[in-house]
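Biologist: I should be grateful for a close look at a single part of this model. Please describe how its pieces are arranged, and define each term as you use it.

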Amino acid sequence: MNKIKVGILGATGMVGQRFAKLLSEHPWFEISVLAASPSSSGKTYSEAISGRTYYGDMPDRLKNMRLKCVDEIESICSEVNFVFCAVNMPKEHIRTLEYAYMMNECPVISNNSAHRHTPDVPMVIPELNREHIAVIDAQRRRLGTKYGFIAVKSNCSIQSYVPLLYPLHKAYGLKSAVISTYQAVSGAGRSLSGFEEINDNIIPYIAGEDEKSEVEPLKLFGHIENGRIANAVGMDFFARCVRVPVSDGHTASVFATFGTAPDLDAIEKLWDSVKPITGLPSSPAKFIYRMNLPDRPQPRLDRDTENGMAVCAGGLRLCGENSISFTGLSHNTVRGAAGGAILLAELLTLEGYIHNR
């Protein structure tokens, strides 16, 4: 197949660089445009990221590519078939920017939160709720676009526990989940070496994270109704999110209560039953890995499982008649950010929503 041309908005940031690295040899997609803020416009990519290169050397073709400004919307749309958005801007600016690309008939696969609560914008973890992408048809009708649309991936931290709760809800009826997340500094676009306040410390507050962790799962557990995603009802999430001195990998401690009594052996089989989507280049060979040692998963040891695209689970135990606890882990800048968005774009390509024009 002829590769589909793609642009990266916010290419100089940590997630933008992860997109560039993962897409540099992608079998379906070809980077045609790198874009960032006006201060980077016109620079080569190597000049723009000098001194803050997070993932090693980029291919020479990308190093020498000159950056456009993300506001050059018509020009960028004329060169690509869709864009990934990972800009660092106020939410209302992001909302306006993504809307403008979509209305210029350029699909947007967003890593940002600006449109996660728009009812006809699908928020998808492909192995769990791929059927939600069908709401794009209603979104296009509402906006009058033929090709343009917006699809989003969820917050990086919920990737560490929602995939583990999703199959259990179908079996036992999830009533509530109490979650503590321990989030790596890369989730703030930082590295350990440049984050003095995290040294020998944790920071027990991350702006907006508690709310995202409590609300976004309801959309993932929801269903399409009258051209909109209707959030799930009858379940509650309660979250506290903490920044910890870890480079990559978000960990979650989860206490979950169900309508009927869960069985530990059955839970392990349910986790094993969540299959990756075959035929997608970024799909892991196995999505959920069960860790049987009592001190696993650990970010340093397990975050790169399946090249960072798997979710790891451990510490499963009963906590009462209808309750369990467990620990989950996912790589926040791969599965939780760029890799998860690329996987979503692959699924949208497979389903015909993204293609060469």
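Modeller: The answer below follows one sheet, then the helices that lie across it, and ends with a single residue in a loop.

The model is predicted, so local features need pLDDT of at least 70 and side-chain atom pairs count only at pLDDT 80 or more, while totals for chains, interfaces and linings use all residues. Residues are numbered from 1 along each chain as its sequence is written, and side-chain values use heavy atoms, without hydrogens or water.

The sheet is open and consists of six strands in the order β10-β7-β11-β14-β13-β12. Strands (E, at least two residues) and helices (H or I, at least four) are DSSP runs numbered from the N terminus. The pairing within this sheet is mixed; two strands pair if DSSP finds at least two bridges between them. The edges are occupied by β10 (236-243) and β12 (288-291). Each of these two strands has a single partner strand, so one side of each lacks a neighbour in the sheet. On average, neighbouring strands are turned by 20 degrees against each other, direction ignored.

At one of these edges, β12 pairs with β13 (residues 311-318) in the parallel sense, over four bridges. In this pairing, Arg290 has Ala313 of β13 as its bridge partner.

Helix α8 (residues 162-172) lies across β7 (174-183), β10, β11 (250-258), β12, β13 and β14 (323-330). Its direction makes an angle of about 10 degrees with β11. Axes are lines fitted to C-alpha atoms, for helices over the stretch in contact (heavy atoms within 4.5 Å), and angles run from 0 to 180 degrees between N-to-C directions. The helix α8 is mostly covered, with eight of its eleven residues buried (under 20% relative accessible area; exposed is over 50%, partly exposed in between; 1.4 Å probe, protein chains only). The buried residues are Val162, Pro163, Leu164, Leu165, Tyr166, Pro167, Leu168 and Tyr172. Just after α8, Gly173 adopts a positive phi of about 75 degrees.

Helix α9 (residues 209-220) lies across β7 and β10, and runs at about 145 degrees to β10. With twelve residues, α9 reaches 16 Å from its first C-alpha to its last. This span is close to the 16 Å expected at 1.5 Å a residue, where the expected value is 1.5 Å times one less than the number of residues. In α9, Glu209, Asp210, Ser213, Glu216, Pro217, Leu218, Lys219 and Leu220 are buried. What covers these buried residues includes α6 (126-129), α8, β7, β9 (228-230) and β10. Thus α8 and α9 both lie across β7 and β10, and α8 is also among the elements that cover the buried residues of α9.

The last residue to consider is Ser113, which is found in the loop between β5 (108-110) and α6. Ser113 is buried, with a relative accessible area of 17%. Leaving aside residues up to four places away in sequence, Ser113 touches Lys91 and Lys212. The loop that holds Ser113 ends at α6, and α6 is one of the elements covering the buried residues of α9.
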